Amino acid sequence: MSSSHRDAHPYGRSADDVRRRDQRLRRTRRLRATQLAFFSLLAVALIATGVYAVGELREPSAEPGVIAPKDFGPAAVDLTCPEPEAVPLPPDEVTVTVLNGTSRSGLAGSVSEDLAQRGFTVEDPGNTRQSSGAATIVHGPAGYLAAQSVTAQLEDAQLRLDEDREGTAVDLLIGDGFSGLVDEEEASAALEEPVEMPEGC
């Protein structure tokens, strides 16, 4: 019998054709299995990366240069609010430092003497470049009523809160518009009037 009859396939294909077809099928299966494994690993890596990124976005960062969320509005100040109907402190409970912001020599010294005669405790006078208007009274969170006592002595004055100042002592900054203290009787009457509540109280 010839070789062609020995190698003939029952369906008319040779054994070599069948082997080549089987090899192609095996290669195709291996390729698909490799591709499936690769894409499965890639999907797992992408999911893990996404979970990690979401976790990082939710955690506050301590890295330098990262912009922290910004709070809008002024920071809260621990201001000592006066009681309702509170009046300014008596002058003998107030310590004040007078600072001259004008070109008039000796003005801070003379104003300090006038305030001392009205019962205030005065510190050594000095000069300043931070004055504005007629007069500015600088006080700390605990010095509002003391500042109001000094305000009662003046015709026109504005208050300035210094959040870092401790105690009740105040500074009186004299500006170019300063014209002197008000009459002592007028000041005494003002000391009996209830103060306005400061902002934030």
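**Contacts, core and pocket in a predicted model**

Glu193 contacts Ala86, Val87 and Pro88, with neighbours up to four places away in sequence left aside. The model is predicted. Glu193 belongs to the segment that follows α5 (184-190). Its C-alpha atom is 7.8 Å from that of Pro88, although the two positions lie 105 residues apart along the chain.

The protein contains five helices and six strands. Their order along the sequence is α-α-β-α-β-β-β-α-β-β-α. Of its 201 residues, 27% are buried. Contacts between residues at least 6 apart in sequence were also sorted by separation. Of these, 76% link residues at least 24 apart.

Glu193 and Pro88 both line the second largest pocket. This pocket holds about 200 Å³ of space. Its lining also includes Tyr144, Gln148, Thr151 and Ala152. Ala190, Pro194, Val195, Glu196, Met197 and Pro198 complete the list. Eight lining residues are nonpolar, two are polar and two are charged. Helix α4 gives the largest share of the lining, three residues.

Helix α4 spans residues 144-151. Six of its eight residues are buried, so the helix is largely enclosed by the rest of the structure. The buried set consists of Tyr144, Ala146, Ala147, Gln148, Ser149 and Val150. Two of these names, Tyr144 and Gln148, recur in the pocket lining. The buried residues of α4 pack against four strands: β1 (95-100), β4 (135-139), β5 (158-161) and β6 (170-174).

Nonpolar side chains tend to be buried together in soluble globular proteins. In this model, the largest nonpolar core comprises 19 residues. Val111, Val150, Val170 and Leu172 have the most contacts inside it. Elements giving two or more residues to the core are β1, α3 (107-117), β4, α4 and β6. Helix α3 provides the largest share, four residues.

Leu172 touches many parts of the chain. With sequence neighbours within four places excluded, its contacts include Val96, Thr97, Val98 and Leu99. Val111 and Leu115 are also in contact with Leu172. So are Ala135, Thr136 and Ile137. Val150 and Leu154 are further partners of Leu172.

Strand β6 also holds Asp171 and Leu173. Asp171 counts as buried because its relative accessibility is 16%, under the 20% cut-off. Its side chain forms a polar contact of 2.6 Å with the side chain of Arg165. Beyond four places in sequence, Asp171 touches Thr97, Leu99, Thr136, Ile137, Val138 and Arg165.

Leu173 is buried too, with a relative accessible area of 3%. Outside its neighbours within four places in sequence, Leu173 contacts Leu99, Thr128, Gln130, Ser131 and Ala134, among others. The list of partners also includes Ala135, Thr136, Val138 and Arg160. The C-alpha atoms of Leu173 and Ala108 are 8.8 Å apart, across 65 residues of sequence.

Ala108 appears again in a contact with Ser112. A polar atom of the Ser112 side chain lies 2.8 Å from the backbone oxygen of Ala108. Ser112 sits in helix α3. It is buried, with a relative accessible area of 5%. Its contacts, apart from neighbours within four places in sequence, are Val98, Val122, Glu123 and Pro125.

Backbone geometry gives one further point. Most residues other than glycine have a negative phi. Glu85 is not a glycine, yet its phi is positive, about 65 degrees. Glu85 lies in the loop between α2 (15-58) and β1. With a relative accessibility of 63%, Glu85 counts as exposed.

Technical notes: Residues numbered from 1 in each chain as written. Predicted model: local features only at pLDDT ≥ 70, side-chain atom pairs only at ≥ 80, totals over all residues. Heavy atoms only, no water. Buried < 20%, exposed > 50% of the residue type's maximum accessible area, 1.4 Å probe, protein only. Contact = heavy atoms within 4.5 Å. Polar contact = N/O pair within 3.5 Å; in protein donor to acceptor, adjacent residues only side chain to side chain. Core = buried A, V, L, I, M, F, W, Y, C linked by side-chain atoms within 4.5 Å. 1 Å grid on protein atoms, 1.4 Å probe; cavity = no way out; pocket = protein on both sides within 12 Å on 5 of 7 lines; lining within 4 Å. Points joined across faces, edges and corners; volume = space filled by probe spheres on them. Nonpolar A, V, L, I, M, F, W, Y, C, P; charged D, E, K, R; others polar.
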